[in-house]
Amino acid sequence: MLGTRNVQCIPKEARQMGDLQDYSGEFRPETRLEGFSKEALIRLLDAYKKCFVGIAGTYHTVNAERMGVEEAWKVDADVYLRQQMQFELPLVTKAMNIQGDDVLTVLKIFQMLPDGLREGQYECLWDIKSNNHAILTFTKCQTLFYHERHGNPKDIEGLCGPGSIEDLCFTAYGKWVNPKITCRALKLPPRKSKDDICCVWEWKLGE
Amino acid sequence: MAELNDYSGPFKPDLSPEDFSKAGLIQWLRAAARIYGGIDQLWHGPLIEELGQEKADELQMKMWFRKGGGCDLEVKSLTQEMDFGGDDVASHLKMYQLLPFMQLFMNIEYDVKDRNYALMTVKRCAALRHYEKTGEMGRLLQLCTGLEQVGFQEGARRFNPNMKVTALKLPPRQSEDDICCQWEFKIED
């Protein structure tokens, strides 16, 4: 069944305001984002994030079937790095007016990425030592959990091992903000148990 | 706490989307939509370089139209989060209004005649404009008569198996004043 949200959950006063709480009503040829409520926009953003991560994941799967896992991860890295430089970094920093050249600027960008931190998907603990030094402990990573379930160690290496896509991308985010920012993994998968954390990364602005 | 119109202020470890104003959220959504809207070409391009056009096209079609692939994912995520369903053509057209590529890179006119029939006219299409400039007509035809034509039909089928999508006009066009393409959505008995 398409569409499952119960409109009765939405407060009456909110429903009476002009903004659409969802798109369950009639088709409006001139619909624009501005016509939706804040809550609806947040859900739409969530839908975009799910599609974005899911489409990239499905491309990885069909590529791996065609060319093998290791080659598929090489294509992934190529695509992600192009995406970062051509789209993600310029678009997100411009749209959200993120400026600066310290480690906290990198973390702000992380929070804004379409495949970035999101409750339930990718979650982390922040240990902010200073503006120029932070350690992130990832406690939830659905991509890692997916590959753990499917049991291919090469996929976990390609995703988060040394020289992996995460390693390349995390480093590149830091360098884009400031070439003196370094990134290193303090702990990486594979995990000993499902209760274990996923990984730990340190960003530091060097002299 | 005042709502944020952007993220120029200090780092907020517990930031959540609710912290932004509606204007701030729209800015964020548009950036996310531009990134997501360009994702297919970002994957398809390197695959063409690596494997050649034909095999890259094959993988692209698999990614979009296999069970649980891109098409299923978009229909499921958008209909669930924005709570719309229905098996008529107008319900299906709501999808296109919310899909980033169509929302940002195209100007579209919808003419819904009744629950079983509608016309969709694309008046501006950034992809068409790009390929017209570069002269890559092969890539253009692959996009419009391959991916899009199959994609519209596959998307429609997920709302109603009897919905048929027909291209009434496709590129190449005679002049820049011409429309880009036109599609008919019809539910057949």
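**Exercise 1. Find which residues touch the most other members of the largest nonpolar core, and which helix gives the largest share of this core.**

Solution. Begin with the term: a nonpolar core is a set of buried Ala, Val, Leu, Ile, Met, Phe, Trp, Tyr and Cys residues joined through C-beta atoms within 7 Å, where a residue is buried if 20 or more other C-beta atoms, placed from the backbone, lie within 10 Å of its own. In this predicted model, local features need pLDDT of at least 70 and side-chain atom pairs count only at pLDDT 80 or more, whereas totals for chains, interfaces and linings use all residues. Residues are numbered from 1 along each chain as its sequence is written, and chains are lettered from A and ligands numbered from 1 in the order in which they are written.

Next, look at the members: the largest nonpolar core has 102 residues, of which Leu44(A), Tyr48(A), Trp28(B) and Ala32(B) touch the most other members. The largest share of this core, 14 residues, comes from helix 2 of chain A, residues 38–67; helices are DSSP runs of H or I with at least four residues, and strands are runs of E with at least two, numbered from the N terminus.

Finally, take Leu44(A): apart from neighbours within four places in sequence, Leu44(A) is in contact (C-beta atoms, placed from the backbone, within 7 Å) with Leu29(B), Glu81(B), Met82(B) and Leu98(B).

**Exercise 2. Describe the side of chain B that touches chain A, by size, by elements and by class.**

Solution. First, count the residues: chain B gives 53 to the contact and chain A gives 55. Second, locate them: among the elements of chain B that each supply at least two residues are helix 2 (39–51), helix 4 (70–82) and strand 1 (106–114), while helix 1 of chain B brings the largest share, 13 residues. Third, sort them by class: this side of chain B has 32 nonpolar, ten polar and eleven charged residues, where Ala, Val, Leu, Ile, Met, Phe, Trp, Tyr, Cys and Pro count as nonpolar, Asp, Glu, Lys and Arg as charged, and the others, Gly among them, as polar.

**Exercise 3. Summarise the build of chain B.**

Solution. Start with the elements, which come to eight helices and four strands in chain B and run α-α-α-α-α-α-β-β-α-α-β-β from the N terminus on. Then take the extent: the C-alpha atoms of chain B fill a box of roughly 55 × 45 × 40 Å along the principal axes. Lastly, consider burial, since 37% of the 189 residues of chain B count as buried.

Notes
Contact = placed C-beta atoms within 7 Å. Buried ≥ 20, exposed ≤ 12 C-beta atoms within 10 Å, placed from the backbone.
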